[in-house]
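Welcome! Take a moment to look over the sequence and the model before reading on.

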Amino acid sequence: MDRDFVLKEEKGVKFYVFGAFEKLGFVKHCITTRCGGVYGELDMREDNHENHKIISKTLGIDFRKLVASDQVHDKHIYKASRKDW
């Protein structure tokens, strides 16, 4: 499996993607950095709503359909669906 981790920058927003997901072509995903959000930081808690709008626009995702998650190291896989929008 391809495990490369790639830093991208679009519209002043920096984020990471997994090469394996990128190659699939149908998975929109990212891991944000602090660069490019409200006040220059994408991870400021008080600005999460606006920062989610910024990253959604950057990735070409409808904000109303965004599914965000917390990273959990576990053997269980959660399958996101429309109910998670």
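What follows is a short tour of the strands, the core, the aromatic rings and a few single residues.

**The strands**

Keep in mind that this is a predicted model. A good place to start is strand β1, which covers residues 5-10, together with strand β2, which covers residues 13-18. These two strands run antiparallel and are joined by 6 bridges. They make a hairpin with 2 residues between them, and Lys11 in the turn has a positive phi of about 55°. To find your way across the hairpin, look for Glu9, which stands opposite Lys14 in β2.

β2 also pairs with strand β3, a strand of residues 31-32. Here the strands again run antiparallel, with 2 bridges joining them. Phe15 stands opposite Thr32 in β3.

**Two faces of β2, and the core**

In a regular strand the side chains alternate between the two faces of the sheet. In β2, the covered face consists of Val13, Phe15 and Val17. The uncovered face has Lys14, Tyr16 and Phe18.

Which residues make up the largest nonpolar core? There are 5 of them: Val13, Phe15, Val17, Ile55 and Leu59. Both β2 and α2 supply at least two residues of this core, and the largest share, 3 residues, comes from β2. Val17 is worth a closer look: leaving aside neighbours within four places in sequence, Val17 is in contact with Asp4, Phe5, Val6, Lys8, Glu22 and His29.

**The aromatic rings**

Now turn to the rings. A pair of aromatic rings is described by the distance of the centres and the angle of the planes. Searching the whole structure gives 3 aromatic pairs, and the table shows two that involve Phe5.

| Pair | Arrangement | Centre to centre | Angle between planes |
|---|---|---|---|
| Phe5 and Tyr16 | stacked | 4.7 Å | 5° |
| Phe5 and Phe18 | tilted | 5.1 Å | 45° |

Why does the pair of Phe5 and Tyr16 tie together parts that are 11 residues apart in sequence? Phe5 lies in strand β1 and Tyr16 in strand β2, so the pair links those two parts. The pair of Phe5 and Phe18 likewise has one ring in β1 and one in β2, so it ties together parts that are 13 residues apart in sequence.

Are these rings buried or exposed? Phe5 is partly exposed, with a relative accessible area of 44%. Tyr16 counts as partly exposed too, at 27% relative accessibility. Phe18 is partly exposed as well, with a relative accessible area of 33%. Together with Phe21, the residues Phe5, Tyr16 and Phe18 form one aromatic cluster.

**Helix α2 and its surroundings**

The last stop is helix α2, which spans residues 48-59 and includes Ser56. Ser56 has a relative accessible area of 1% and is buried. Not counting residues up to four places away in sequence, Ser56 touches Ile61, Phe63 and Leu66. Phe63 has another partner to look for: Lys53 lies over the face of Phe63, at 5.8 Å from the ring centre.

How values were computed:
Residues numbered from 1 in each chain as written. Predicted model: local features only at pLDDT ≥ 70, side-chain atom pairs only at ≥ 80, totals over all residues. Heavy atoms only, no water. Phe/Tyr/Trp six-rings, centres within 6.5 Å; stacked < 30°, edge-to-face > 60°. Helix = DSSP H or I, 4+ residues; strand = E, 2+ residues; numbered from the N terminus. Buried < 20%, exposed > 50% of the residue type's maximum accessible area, 1.4 Å probe, protein only. Lys NZ or Arg CZ within 6 Å of the ring centre and 35° of its normal. Pairing = 2+ DSSP bridges. Contact = heavy atoms within 4.5 Å. Core = buried A, V, L, I, M, F, W, Y, C linked by side-chain atoms within 4.5 Å.
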